[in-house]
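User: Could you walk me through this model, one question at a time? I'd like the reasoning as well as the answer.

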Amino acid sequence: MKLNEDSETLAENKVLILYILNKLNKPIDNDSLLKLILPIQDMNYFYFQQFLLDLLENKYIIGYTKDDKTMYKITDLGIKTLSLTDDLLPGIMKLQIDNALKEDVTDVQYNDHAVSEFTPQSENEFIVTCKLVKNNITNFELKLKATSREEAKDIAHKWETQYDEIYPIILEILTK
């Protein structure tokens, strides 16, 4: 693949990265993301890094350092962009990605993950339970009251997609 290939191929590769990040719905490190992509799309490391840089500059993904690894996560803007462009990916490629994620997701992701649920207490009162689970053991659990179904959904969604940013703050506050 040459970086000066037609713009549709370049866009397809960026959409591929967004599609994988969206399917994972969790941060993933640079090497693990590349390992997911290579069996599906022949892409060299330098082009892969350029695609990531373009996605970062356009704020479709965010990158941050955790344990000396660069982690990537899709943003809300990236999700909106993906919804408009995911038809660039051939159906067979989406199927390959979905199958690869079923097989490899435990190898490339961390063992910890966020779980949330909300249960109605009354028409305008919901209890939201946010958990951090590692190796099938609950390491952290927080229950909050929400005053509407929308607020409960927002809290649950935010926990599941941003727990890696929220949990350290809560832990710091509690251990001060």
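User: What is the relative accessibility of Asp86?

Analyst: Happy to start there: Asp86 counts as partly exposed, the class between buried (under 20% relative accessible area) and exposed (over 50%), with a 1.4 Å probe and protein chains only. The model is predicted, so local features need pLDDT of at least 70 and side-chain atom pairs count only at pLDDT 80 or more, while totals for chains, interfaces and linings use all residues. Residues are numbered from 1 along each chain as its sequence is written, and side-chain values use heavy atoms, leaving out hydrogens and water. The relative accessibility of Asp86 is 27%.

User: Which residue does Asp86 meet in a salt bridge?

Analyst: A salt bridge here is a side-chain nitrogen of Lys or Arg within 4 Å of a carboxyl oxygen of Asp or Glu. For Asp86 the N to O distance is 3.7 Å. The partner is buried at 19% relative accessibility. That partner is Lys94.

User: Which residues do salt bridges with shared partners join into one network?

Analyst: One pair is Lys73 with Asp164, at 4.0 Å from N to O. The other is Lys73 with Glu165, whose closest N and O atoms are 3.7 Å apart. With shared partners, the network is made of Lys73, Asp164 and Glu165.

User: How many residues apart in sequence are Lys73 and Asp164?

Analyst: The side chains of Lys73 and Asp164 meet in a salt bridge. Lys73 lies in strand β3 and Asp164 in helix α6, so the pair ties together parts of the chain separated in sequence. Strands (E, at least two residues) and helices (H or I, at least four) are DSSP runs numbered from the N terminus. The separation of the pair is 91 residues.

User: Which member of the trio Lys73, Asp164 and Glu165 is partly exposed?

Analyst: Lys73 counts as buried because its relative accessibility is 9%. Asp164 also counts as buried, at 13%. The partly exposed residue, with a relative accessible area of 33%, is Glu165.

User: With which side chain does Asp164 make a polar contact?

Analyst: A polar contact is a pair of N or O atoms within 3.5 Å; within protein, one must be able to donate a hydrogen and the other to accept it, and residues adjacent in sequence count only if both atoms are side-chain atoms. Contact in general means heavy atoms within 4.5 Å, and Asp164 touches Pro27, Tyr64 and Lys73, not counting residues up to four places away in sequence. The polar contact, at 2.2 Å, is with Tyr64.

User: Asp29 is buried and has no salt bridge, so how far away is the nearest side chain of opposite charge?

Analyst: Lys and Arg count as positive and Asp and Glu as negative, with His and the chain ends not counted. Asp29 sits in strand β1, and the nearest side chain of opposite charge belongs to Lys69. The distance between Asp29 and Lys69 is 4.1 Å.

User: Which helix does Asp29 cap at the N-terminal end?

Analyst: A side-chain oxygen of Asp29 lies 3.1 Å from the backbone nitrogen of Asp31. The capped helix is mostly covered, with 6 of its 8 residues buried. Among those buried residues are Asn30, Leu33 and Ile37. The capped helix is α2.

User: Which element gives the largest share of the largest nonpolar core?

Analyst: A nonpolar core is a set of buried Ala, Val, Leu, Ile, Met, Phe, Trp, Tyr and Cys residues joined through side-chain atoms within 4.5 Å. Of the 30 residues in the largest one, Leu16, Ile17, Leu33 and Ile97 touch the most other members. The elements giving two or more residues are α1, α2, α3, β3 and α5. The largest share, 9 residues, comes from α1.

User: How many residues make up the other core, which lies apart from that one?

Analyst: The other core lies apart from the largest one. Its members include Phe126, Val128, Cys130 and Ala152. The number of residues in this core is 11.

User: What is the phi of Lys59?

Analyst: Most residues other than glycine have a negative phi. Lys59 is in the loop between α3 and β2, and counts as exposed because its relative accessibility is 57%. Its phi is positive although it is not a glycine. The phi of Lys59 is about 65°.
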